[in-house]
Amino acid sequence: MIERTYYLEKLKLFTNKAVIKVITGMRRSGKSTLLKQYHAYLLSLGIQPDHIVNLNKESLEYDFIKDYSDLHQYIKKVIPAGPGKKHILIDEVQEIDGWEKAVNSLFAE
């Protein structure tokens, strides 16, 4: 796995900021690798694994998530209620119709 140090450092700067982060780029440019490295970084900070949702739409495991409503329901089901920041990492989010509605709703909550 190629270290995505430059971009990982950029993401780290926004870890505790109240902003939604979107990673964009050409196909096969390392976005998925960057997400994996960011996930590892979050764990290294001591963030509980159940406070991180890591969803990859290329996996058939998540094939049932078709639109923003499915995404919202799934996230609400798997993420624990209560205090503490939660992190949602979605790879290939463009495969979910209206994903931004679910993300904005979860962010507002």
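In this predicted model, helices α3 and α4 pack with their axes within 7 Å of each other, crossing at roughly 35 degrees. The handedness of that crossing is right-handed. On the α3 side, the contact is built from Tyr 68, Leu 71, His 72, Ile 75 and Lys 76, and α4 answers with Trp 99, Lys 101, Ala 102, Ser 105 and Leu 106. Sorted by character, the residues of this contact come out as six nonpolar, two polar and two charged.

Next come the cores. The largest nonpolar core holds 13 residues, and those with the most contacts inside it are Leu 55, Ile 65, Leu 71, Tyr 74, Ile 75 and Ile 90. Three elements each supply two or more residues to this core: strand β1 (52-56), helix α3 (68-78) and helix α4 (99-108). Of these, α3 gives the most, with three residues. Leu 71 and Ile 75 turn up twice in this picture, as core residues with many of the contacts and as part of the α3 face that meets α4. In soluble globular proteins, nonpolar side chains tend to be buried together.

Ile 65 is worth a closer look. Leaving aside residues up to four places away in sequence, Ile 65 touches Leu 55, Lys 57, Asp 70, Leu 71, Tyr 74 and Ile 96. Among these partners, Leu 55, Leu 71 and Tyr 74 are also listed with the most contacts inside the largest core. A second core, separate from the one above, has ten residues, including Leu 34, Tyr 41, Leu 42 and Leu 89.

As for the rings, a search of the whole structure turns up four aromatic pairs. One of them joins Tyr 62 and Tyr 74 in an edge-to-face arrangement, with 5.8 Å from centre to centre and 75 degrees between the planes. This pair ties together distant parts of the chain, twelve residues apart: Tyr 62 sits in the loop between β1 and α3, while Tyr 74 belongs to helix α3. Both tyrosines, Tyr 62 and Tyr 74, are buried. Adding Phe 64 to Tyr 62 and Tyr 74 gives one aromatic cluster.

The loop between β1 and α3 also contains Leu 60. Is Leu 60 buried or exposed? With a relative accessible area of 72%, Leu 60 is exposed, because that value lies over the 50% cut-off. Tyr 62, in that loop too, is buried instead. Finally, Leu 60 and Asp 91 are 31 residues apart along the chain, and their C-alpha atoms are separated by 13 Å.

Note on methods. Residues are numbered from 1 along each chain as its sequence is written. This is a predicted model: local features need pLDDT of at least 70, side-chain atom pairs count only at pLDDT 80 or more; totals for chains, interfaces and linings use all residues. Side-chain values use heavy atoms; hydrogens and water are left out. A nonpolar core is a set of buried Ala, Val, Leu, Ile, Met, Phe, Trp, Tyr and Cys residues joined through side-chain atoms within 4.5 Å. Buried means under 20% relative accessible area, exposed over 50%, partly exposed in between (1.4 Å probe, protein chains only). Helices (H or I, at least four residues) and strands (E, at least two) are DSSP runs, numbered from the N terminus. Contact means heavy atoms within 4.5 Å. Axes are lines fitted to C-alpha atoms, for helices over the stretch in contact, and angles run from 0 to 180 degrees between N-to-C directions. A crossing is left-handed if the near helix is turned anticlockwise from the far one by less than a right angle, and right-handed if clockwise. Ala, Val, Leu, Ile, Met, Phe, Trp, Tyr, Cys and Pro count as nonpolar, Asp, Glu, Lys and Arg as charged, and the others, Gly among them, as polar. Rings of Phe, Tyr and Trp (its six-membered ring) pair if their centres lie within 6.5 Å; planes under 30 degrees apart count as stacked, over 60 as edge-to-face and the rest as tilted.
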